[in-house]
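User: I'm new to this structure and a bit lost in it. Could you pick one part, walk me through it closely, and then show me what else is worth a look around it?

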Amino acid sequence: MNTTPIIDPLQGDFPEVIEEYLQHGSMKCIAFNRRGTLLAAGCNDGSCIIWDFETRGIAKELRDNGCSSPITSICWSKCGNRILASAADKSLSLWDVVSGNRITRVVLQQTPLQVRLHPGSSPPLCLACPLSCAPIIVDLNTGNTTSLKVSVSEISNGSTPASRNKWSDGTISFTPTAACFSKYGNLVYLGNSKGEILVIDHKYGEVRAMVPISSGSVVKNIVFSRNGQYLLTNSNDRVIRIYENLLPLKDEVRALDDLNERLSDQSGVEKLKGVGSKCLTLFREFQDAITKVHWKAPCFSGDGEWVVSGSASKGEHKIYIWDRAGHLVKILEGPKEALIDLAWHPVRPIVVSVSLNGIVYIWAKDYTENWSAFAPDFKELEENEEYVEREDEFDLNPDTEKVKGSDANGDEEVDIVALEKDPAFSDSDMSQEELCFLPPTLDVAEQQEDKFVESSSKMVDSNNSGSPRSEEAEPNGHTSNNVSIPVEDDAGGTHIKRKRKLSEKVLELQAEKVKKPSKSSKTSKSKSKSLFDQDNNGNDSHGDQVSD
């Protein structure tokens, strides 16, 4: 029987050990849906695997026969019924999760390193960060693209700054730039190679504010917390910075308009910096002052209370966890494999990491029972002790202790239909039904296993009915169950390494095979006993004929 462990509330709510690992081909990037019930992984062969995170089994495989390039990034739509994947062949593919069909495919000019779907349900827009050009907004219906500005050109005395280097086709080369949508997708926050955070209205392509980073180094990652109140940046100076978002979450554009009116006496870059100081303020900085390690795939926990990042050093699988106050609380050390991607579960204290070998590791909390944490006067015993209770220890004294009646109003109507909103998912888009689970797909090996056991059970039954001696194969009267489970064939090139329980059908068949011989053995014993009695009465010939 599964029982919920008594957990010490003083323990940190963050993962500590590797609970399990998932393997299917060579996975490169991962992403949870909003509920954390499904985990999507992009593979090296161009396919996308959707894992049921509760059962740790494969729920769906999205595969395009025309695309075999490695997946570089993957993300979910807000309602969970769409998945967007970018590949090394410069393509963006939008998938329908339930049917497994590809909705559309858009080919860009450069390889997208990161893609993010617009948080709103419509229009179907996505933000792509290509390898060697500015981030772009892509309309997935029409395939139209709009490039975003990556720097603010400071014009003084009518002089224009020198342009960047150009490729042979005339396009301007850029250092890979990080960008992300705000919580509701009204703005785009972009980190450029000059160490600046630009706040861009992507509908008009206008830079509304700028926040300079103190070091002025290249911004490699930029991501918002789930609640939209904090912004994380990872710079090339090996420092992770947390900024507090000062703008209202839903009326960001209007707030920017008000700030522009207040600073109407300023212009140009100074005005953008002034507005930026009212948008973001530096909250915390995280770094390893001793090893000066570079960071990989930093992100927030689901509740925003923790910050996690992987080490970018080769040959080590280390995960650093800080609290929001800036203290390093845990370093998780995994196998001797480089870490390439990382994700924190939206609700639970679970971290999922991807190694260079394509294996997904699940880090969970190591729960320890501590009953005294809930009752200070509770005493834990190392061994059983005999206790003699007092005579009146459990007597109810009506003078001092009265049984309190229920305060509930019997006439009050209780609403059992309406659903209370979960505060963790209060921003759900109720206009569309959210997809949380998928029906599991039965593995081919499991089908073969069921057929094999079923056929073997029929053979055992036929043998039992034809030869009574087979029922006495074991001294206890039970037949031996030597049915071997077929081993999965690795000829396909992909296999799943995970602990799998036998299906209910297999368990029922095994139980029936145990019961049938026991019944037949009892009947045979009863028959032999009756025949033995007949032998004593002189019917020896008849008894021998039946017993044979």
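Analyst: Let's start with a pair of neighbours: strand E10 (residues 112-117) and strand E11 run antiparallel to each other and are paired over 5 bridges. Before going further, keep in mind that this is a predicted model. To find your place in the pairing, look for Gln114, which sits opposite Cys129 of E11.

E11 is the part I'd like you to zoom in on. It covers residues 125-130 and is mostly covered, with 6 of its 6 residues buried. Which way do its residues point? Leu125, Leu127 and Cys129 go one way, while Cys126, Ala128 and Pro130 go the other, and all of them are buried. Here's the background to that back-and-forth pattern: in a regular strand, side chains alternate between the two faces of the sheet.

Now turn to the other partner of E11. Strand E12 (residues 136-139) is joined to E11 by 4 bridges, and these two strands run antiparallel. Leu125 is a handy landmark here, since you'll find Asp139 of E12 opposite it. The connection between E11 and E12 is a hairpin with 5 residues. So you can picture E11 with E10 as one antiparallel partner and E12 as another.

While you're here, look at Leu117, which belongs to strand E10. Is Leu117 buried or exposed? Its relative accessibility is 15%, so Leu117 counts as buried; the cut-off for that is under 20%. From its C-alpha atom to that of Val138 the distance is 9.5 Å, although the two residues are 21 apart along the chain.

Step back along the chain and you meet another antiparallel pair. Strand E8 and strand E9 (residues 102-107) are paired over 5 bridges, with Ser93 facing Arg105 of E9. They form a hairpin too, with 5 residues between the strands, and in it Gly100 takes a positive phi near 80 degrees.

E8 also gives us a way into the charged contacts. Asp96 makes a salt bridge with Arg82, and their closest N and O atoms are 2.7 Å apart. Asp96 is in E8 (residues 91-96) and Arg82 is in strand E7 (residues 82-87), so this contact ties together parts that are 14 residues apart in sequence. How covered are the two ends? Asp96 counts as buried because its relative accessibility is 17%, whereas Arg82 is partly exposed at 27%.

For a contact with a much bigger gap in numbering, try Arg34 and Glu434, whose side chains meet in a salt bridge at 3.2 Å, N to O. Arg34 sits in the loop between strand E2 (27-32) and strand E3 (38-43), and Glu434 in the loop between E28 and H3, so the pair ties together parts 400 residues apart in sequence. Both Arg34 and Glu434 are buried.

How many salt bridges are there across the whole structure? A full search finds 17. One of them joins the side chains of Glu316 and Lys318, at 4.0 Å from N to O, and Lys318 is partly exposed, with a relative accessible area of 24%. There's also a linked set: Glu19, Glu20 and Arg56 form a network of salt bridges.

Let's finish on the surface. Glu380, Glu382, Glu383 and Glu385 come together there as a patch of negative charge. Of these, Glu382 lies in the loop between strand E28 (360-364) and helix H3 (444-466), and its relative accessible area of 82% makes Glu382 exposed. The loop between E28 and H3 also holds Val417, which is exposed with a relative accessible area of 67%. Val417 belongs to a nonpolar surface patch with Val414 and Ile416, and together they have about 380 Å² of accessible area.

For positive charge, look at Lys220, Arg238, Lys292 and Lys296, which gather in a surface patch. Lys292 is in the loop between strand E21 (280-286) and strand E22 (295-300), and it is partly exposed, with 40% relative accessible area.

Key:
Residues numbered from 1 in each chain as written. Predicted model: local features only at pLDDT ≥ 70, side-chain atom pairs only at ≥ 80, totals over all residues. Heavy atoms only, no water. Patch = residues over 30% accessible without salt bridge, like charges linked within 9 Å, V, L, I, M, F, W, Y side chains within 5 Å. Areas by Shrake-Rupley, 256 points an atom, 1.4 Å probe, with all protein chains shown as cover. Lys, Arg positive; Asp, Glu negative; His and termini not counted. Charge placed at Lys NZ, Arg CZ, Asp CG, Glu CD. Buried < 20%, exposed > 50% of the residue type's maximum accessible area, 1.4 Å probe, protein only. Pairing = 2+ DSSP bridges.
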